[in-house]
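Here's a quick briefing to read alongside the sequence and the 3D view. Keep the viewer open and click through the residues as they come up.

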Amino acid sequence: MDEALVIRDARPSDAVGIAKVHVATWQSTYPGLVPDTYLVNLSEAAAAMRWHNAVQAHGPGQGALVVVDGMDSVVGFATYGGRRIPVEGYEGEFYALYLLDEAQGQGLGRRLMATMAERLQEGGKRTAVVWCLRDNPARWFYERLGGVRVAERPIRFAGAELVEIAYGWRDLAPLARLSAGPEMR
């Protein structure tokens with residue numbers, strides 16, 4: 001993986017790259033967790049259209065970040081904003097964080113979480129949650145970053161009954177301090 005990896009704000013022109021990462025990471029992360037028919041039918045073109053619109057909807061305390069390599073190709077992304085699902089005592093939410101397999105293990109996930117925590121604080125939010133599938137082995141990442149399990153809920157997704165759990169941070173400041181590393185541009 002290129003050493004010139006940079007985290008920056010997502011742009012509408014990143015939509016195709018975000019869609020590629022979205023589809024690839026779902027197809028590598030979720031087999032056996034969500035129905036295979038859903039994963040097989042994921043479309044980069046449809047995802048690119050959704051992401052083009054989504055990255056334009058940002059403001060204080062909400063937005064999308066990308067990790068790009070030296071060729072400005074997207075190798076990861078993260079989104080954040082106001083809490084969507086009520087969890088008492090929490091204001092913000094980390095919506096998504098995905099890195100291509102080859103971009104993992106370099107501290108980028110930690111830096112993305114820290115940058116999102118900074119941005120949520122800039123938007124006036126001091127607490128946040130992230131929802132993930134209970135059976136997703138990557139969920140331990142959130143515990144390593146200080147997230148505490150605060151809620152659980154059943155969901156129906158692609159015809160399957162699943163369980164999501166929420167990890168929460170009562171104070172985003174320690175998480176935001178983890179952003180030390182190469183500067184964002």
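In this predicted model, the cover over the buried residues of helix H3 includes helix H1 (15-29) and strand S3 (74-82). Those buried residues of H3, which runs over residues 44-54, are Ala47, Ala48 and Trp51. They span an arc of only 105° around the axis, so they end up on the same side of H3.

**More on helix H3**

- Flip to the face turned away from the buried side of H3 and you'll find the exposed residues Ala45, Met49, Arg50 and Asn53.
- At the N-terminal end of H3, Ser43 acts as the cap, with a side-chain oxygen 3.3 Å from the backbone nitrogen of Ala45.

**Aromatic residues**

- Trp51, one of the buried residues of H3, also belongs to an aromatic cluster together with Trp26, Tyr30, Tyr38, Phe77, Tyr98 and Phe157.
- Counting ring pairs with centres within 6.5 Å, you get 12 aromatic pairs.
- Take Tyr142 and Tyr167: their ring centres are 6.1 Å apart and their planes sit at 35°, so this pair counts as tilted.
- That pair ties together distant parts of the chain, as Tyr142 is in helix H5 (residues 140-144) and Tyr167 is in strand S7 (residues 160-169), 25 residues apart.
- Both Tyr142 and Tyr167 are buried.
- Over at Trp131, the charged end of Arg153 sits over the ring, 5.0 Å from its centre.

**A buried arginine**

- Is Arg8 buried or exposed? With a relative accessibility of 1%, and the cut-off for buried being under 20%, Arg8 counts as buried.
- You'll find Arg8 in strand S1 (residues 6-9).
- The side chain of Arg8 has a polar contact of 2.7 Å with the side chain of Asp14.
- Arg8 also makes a side-chain polar contact with Asp72, at 3.2 Å.

**What the record says**

- UniProt lists residues 5-174 as "domain: N-acetyltransferase", and the entry is unreviewed.
- Across residues 5-174 the chain comes out at 31% helix and 31% strand.
- The C-alpha atoms at the two ends of that stretch are 24 Å apart.

Key: Residues numbered from 1 in each chain as written. Predicted model: local features only at pLDDT ≥ 70, side-chain atom pairs only at ≥ 80, totals over all residues. Heavy atoms only, no water. Buried < 20%, exposed > 50% of the residue type's maximum accessible area, 1.4 Å probe, protein only. Helix = DSSP H or I, 4+ residues; strand = E, 2+ residues; numbered from the N terminus. Arc of directions from axis to C-beta. Contact = heavy atoms within 4.5 Å. Polar contact = N/O pair within 3.5 Å; in protein donor to acceptor, adjacent residues only side chain to side chain. UniProt positions renumbered as here; feature names shortened; annotations may be inferred. Phe/Tyr/Trp six-rings, centres within 6.5 Å; stacked < 30°, edge-to-face > 60°. Lys NZ or Arg CZ within 6 Å of the ring centre and 35° of its normal.
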